[in-house]
Amino acid sequence: MDEPSQILAPDGTLVGDAPVPVERIRELYGDLVTARVFDRKASAMQRQGRLATYAAFEGQEACQVGATAELESRDWLVATYRDAAAMAAHGYPWVNLLLGRTGDERGGKAPEGVNVLPPSITVGGHMIHAVGLAWAERIKGSGAVALTLFGDGATSEGDFHEAMNFAAVFATPTIFFCQNNGWAISMPRERQTASPTIAQKADGYGMPGMLVDGNDVLAVLAATRQALERARGGQGPTLIEGITYRMAAHTTADDAGRYRDEEEVAAWRARDPLERVRRHLESQGAWEPAWQADVEEAASGAVEAAVEEAEALPPLGAGDIFDAMFAEPTAPLRAQRSMAAGEGAP
Amino acid sequence: MTERTLAQALNSALDLALESPDVVVLGEDVGRTGGVFRVTDGLQARHGAARVIDTPVAESGIIGAAFGMAVAGLRPVAELQFMGFSYPAFDQVINHVARIRNRSRHRFTAPLVIRIPYGGGIGAAEHHSESAEAIYVHTPGLKVVVPSTPHDAKGLLLAAIDDPDPVVFLEPIRLYRAIKDEVADGRYTEPIGEAAVERQGGDVTLISYGAMMREVRAAADALEAEGVVPEVIDLRTLSPLDVETVVASVAKTGRAVVVQEAPRTAGVASEVAAVLQEQALYSLLAPVQRVTGWDSVVPLRRAEKHYLPSTERVLAAARKVLEA
C-alpha cells in the first residue's frame with residue numbers, strides 16, 4: 001500500500017486498465033473543466049467583494065469528480081466547504097454553492113431528490129453523519145449508500161475515530177474518502193499524523209484502506225467503484241485516501257506564501273488533474289481545441305447563470321432568521337419575530 | 001391502567017414507539033442489559049438488536065449517527081447515560097442536530113430524541129449528578145422536555161418521538177423509582193411546550209420542573225397546612241417555555257418562587273424571573289425569589305445535602321415572598 005494506485009500517469013499515458021470507455025472519460029473531463037471554471041469564477045467574485053470567504057479546491061477536481069462519478073441519485077453525499085465540485089457532480093446546483101458563499105442560508109437547501117447535505121463548515125463532525133445515513137438506509141432496506149469527503153486535517157479529530165469505528169462495527173455501507181491535499185491551513189500532513197499513510201489507519205478499524213493518486217480521476221473512480229461494490233454488497237465501509245494538493249491558499253482569507261514554498265506548488269502544477277485527462281483524450285483522438293472551447297463556454301454559461309440567479313434573489317428579511325428553526329415557530333420565536341420587526345417590545 | 005414508576009412509564013412509551021419500523025433506540029448498554037437505569041429493559045428482546053442497538057462507548061458518535069439516521073427518515077431515540085456524559089456530544093448536538101433544519105431551510109430535519117438522565121440525590125459518582133439543562137435551553141433549535149410524573153414521562157416521551165424537531169428529553173434520576181402512578185397502558189401524548197398547573201391557588205406561585213417537583217409539592221403541602229393556598233406549576237417543557245401560563249399565574253397571585261436544582265447563575269429560574277419582570281412586574285407584590293443549586297461543582301455523596309435545594313429552602317423562600 002506504499003504507492004498510490006494510478007491508471008493515468010501525469011503525462012496522460014494509461015498505466016492501468018481504464019475503468020470506463022472514452023466517451024465517459026470525455027464526460028468526466030467536462031465535469032473537471034466545469035468545476036475549475038466555477039472555482040476560478042468564485043475566487044474572482046470574492047476579490048470583487050461579491051462573495052464572502054471562499055475555499056478554492058483547484059487541484060482536487062479529480063478526487064471530487066472521480067469519487068462521485070458512480071454514485072446513484074439515491075446515495076448520500078456528506079461533504080465540506082471545499083467540495084463544491086463533488087456536490088455539483090451529485091446534483092447540488094451551482095447557484096446553491098454560490099449562495100452559501102454569499103452568506104445566505106438558502107444555499108443550504110438542496111432540491112428535492114438531491115441527497116447532498118449542506119457543506120460541513122466545522123472540521124470532522126460530519127463523517128459520522130454518513131454512517132448514520134447509510135445505517136438508516138440499510139435498516140430501511142433501500143440499498144442506498146453514503147459517501148463522505150474530508151481532508152487530512154479532519155483525520156486528527158476524534159470524530160474521525162468515532163465515525164470509522166461505528167461504521168466498521170456495524171458494517172454500514174459508508175465510503176470514507178480522504179482528500180489528502182497536504183495542508184490543513186498552515187500545517188503539513190506530517191503535523192496531523194505520524195502514520196506513513198492515512199489509508200493504513202483503516203487496518204486499526206477492521207476495514208479495507210486504499211491509497212490512490214488523487215489527481216488521477218480514473219484511479220479515483222476505480223477505487224470508489226470497488227468501495228461502492230463492497231458497500232452495496234453488504235461488506236461494509238472502506239477508507240480511500242486520495243493523494244492530492246491544494247493549489248490555492250486555505251481560503252481567500254489565507255496567505256499560503258507564509259508557510260509553503262513556490263517550488264512545491266510548481267511541482268504539483270505539473271501533476272494537474274485536468275491536463276493529464278486532456279492529454280489522454282488527445283492521444284485517443286478524442287480531444288481538440290474547438291471542443292475544449294465548447295466545454296469551457298458551456299461551463300462559463302452555467303456558472304454565469306448561477307451567479308445571475310444568486311444575485312437576483314430578494315434579500316433575506318428579519319423574519320427569515322426565525323422561520324426555519326422548527327417545523328412550526330414556537331411561541332417565544334413568534335414573539336421575537338415581532339420584536340425584530342419593530343413591533344412592540346425592544 | 002397499570003401502576004408504574006417513571007422508569008417503567010418511559011419503558012412503556014419506548015415499547016409502543018418501537019411498534020413503528022422507523023423508530024430505533026440506540027446507546028451504551030441499552031440493549032442487552034436494558035440500560036444503566038433499566039429504562040430500556042426488555043426492548044431488545046422484543047424488538048430485535050437491529051433497532052435496539054448497543055453502541056460503542058462514544059457519545060459524540062451516538063448522537064452523530066442518530067443525526068444521520070434522522071436525516072434519512074428514521075426516528076432515533078438516543079440514550080446518553082448521564083448528563084455529565086452528554087458533554088462529549090455537544091458538537092453534534094449544537095453544531096449539527098440543532099441547526100440542520102435552518103441551514104438547509106427545512107430541506108433536511110433531525111427529528112431525534114436525546115434521552116439524558118440528569119440530576120443528583122442518589123449519591124452517585126463524580127460527573128453523574130449534573131443539571132446542565134440551561135446549556136440545552138440556551139441552544140437555538142432544540143426543544144427541552146423534563147417530566148416529573150410517570151404519566152407525563154410516558155406522554156411527553158411519545159410526543160417527543162412524534163415531534164418533527166430534535167428534543168432533548170431529560171429524566172430526573174432521583175424520581176425514576178421514587179413515585180408510582182396509574183399510567184394508561186396504551187398510547188397517549190402530552191403536549192410539548194405546555195406547563196401543567198398542578199394545583200390552583202391564589203396566594204403564591206411555586207414554579208419548578210423535574211426532580212425538584214418533589215420538594216415543591218412537599219412545600220405546597222406544608223403551606224396548605226398553614227392555610228396558604230399555593231399555585232403549583234410544573235414547567236414540563238423548558239424550551240419553548242410556556243410563558244403564558246407562568247405570567248397568567250403570577251398576575252393572579254402576585255408572588256412567585258422559582259425552583260431549580262441547577263447552579264444559580266443564568267439558569268431556567270433566571271429566565272423565568274426575567275420573563276416575570278418583563279411581563280408581570282405590575283402584578284408583583286414581592287420580588288421573585290429563586291431557590292437553586294449553587295455555583296459550585298455539584299458535590300459528591302457526603303456533601304450533596306448542602307447543595308440540593310430542600311423543601312425547607314422552598315418554604316423559606318415562599319414565606320419571604322408571602323411576608324413582603
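These points walk through a predicted model, from domains to the sheet, a helix pair and the chain contact.

1. Domains of chain A. Start with the overall division. The domain assignment splits chain A into domain 1, residues 22-315, and domain 2, residues 317-346. The centres of domain 1 and domain 2 of chain A, taken over C-alpha atoms, are 37 Å apart.

2. The sheet in chain B. Turn next to chain B. An open sheet there is built from 7 strands. Reading across, the order is S3-S2-S4-S5-S7-S6-S12, and the pairing is mixed. Strand S3 (52-54) and strand S12 (237-239) of chain B are the edge strands, and each pairs on one side only. From one strand to the next, the twist averages 20°.

3. One strand pair up close. Strand S2 of chain B covers residues 23-27. S2(B) and S3(B) run parallel and are joined by 3 bridges. Which residue of S3(B) stands opposite Gly27(B)? It is Asp54(B).

4. A helix on the sheet. Helix H7 of chain B, residues 150-162, packs on this sheet. H7(B) touches S2, strand S4 (75-79), strand S5 (113-118), strand S6 (143-145) and strand S7 (167-172) of chain B. The direction of H7(B) makes about 160° with that of S7(B).

5. Two crossing helices in chain A. Look at helix H4 (residues 94-102) and helix H12 (residues 289-312) of chain A. Their axes come within 8 Å and cross at roughly 50°. H4(A) is therefore oblique to H12(A). The crossing of H4(A) and H12(A) is right-handed.

6. What the two helices bring together. On the H4(A) side, the residues are Trp94(A), Val95(A), Leu98(A), Leu99(A) and Thr102(A). They meet Ala302(A), Val303(A), Ala306(A), Val307(A), Glu309(A) and Ala310(A) in H12(A). By class, the contact of H4(A) with H12(A) has 9 nonpolar, 1 polar and 1 charged residues.

7. Where the chains meet. Chain A places 32 residues in contact with 36 residues of chain B. On the side of chain A that touches chain B, helix H5 (127-140), helix H6 (158-169) and helix H13 (331-340) of chain A each supply at least two residues. Which helix gives the most to that side of chain A? H5(A) does, with 10 residues.

8. Character of that side. The residues of chain A that touch chain B divide into 19 nonpolar, 7 polar and 6 charged.

Note on methods:
Residues numbered from 1 in each chain as written. Chains lettered and ligands numbered in written order. Predicted model: local features only at pLDDT ≥ 70, side-chain atom pairs only at ≥ 80, totals over all residues. Domains from an automatic or database assignment. Pairing = 2+ DSSP bridges. Helix = DSSP H or I, 4+ residues; strand = E, 2+ residues; numbered from the N terminus. Axes fitted to C-alpha atoms, helices over the stretch in contact; angles between N-to-C directions. Contact = placed C-beta atoms within 7 Å. Parallel < 35°, antiparallel > 145°, perpendicular 65-115°, else oblique. Left-handed = near helix turned anticlockwise from the far one by under 90°. Nonpolar A, V, L, I, M, F, W, Y, C, P; charged D, E, K, R; others polar.
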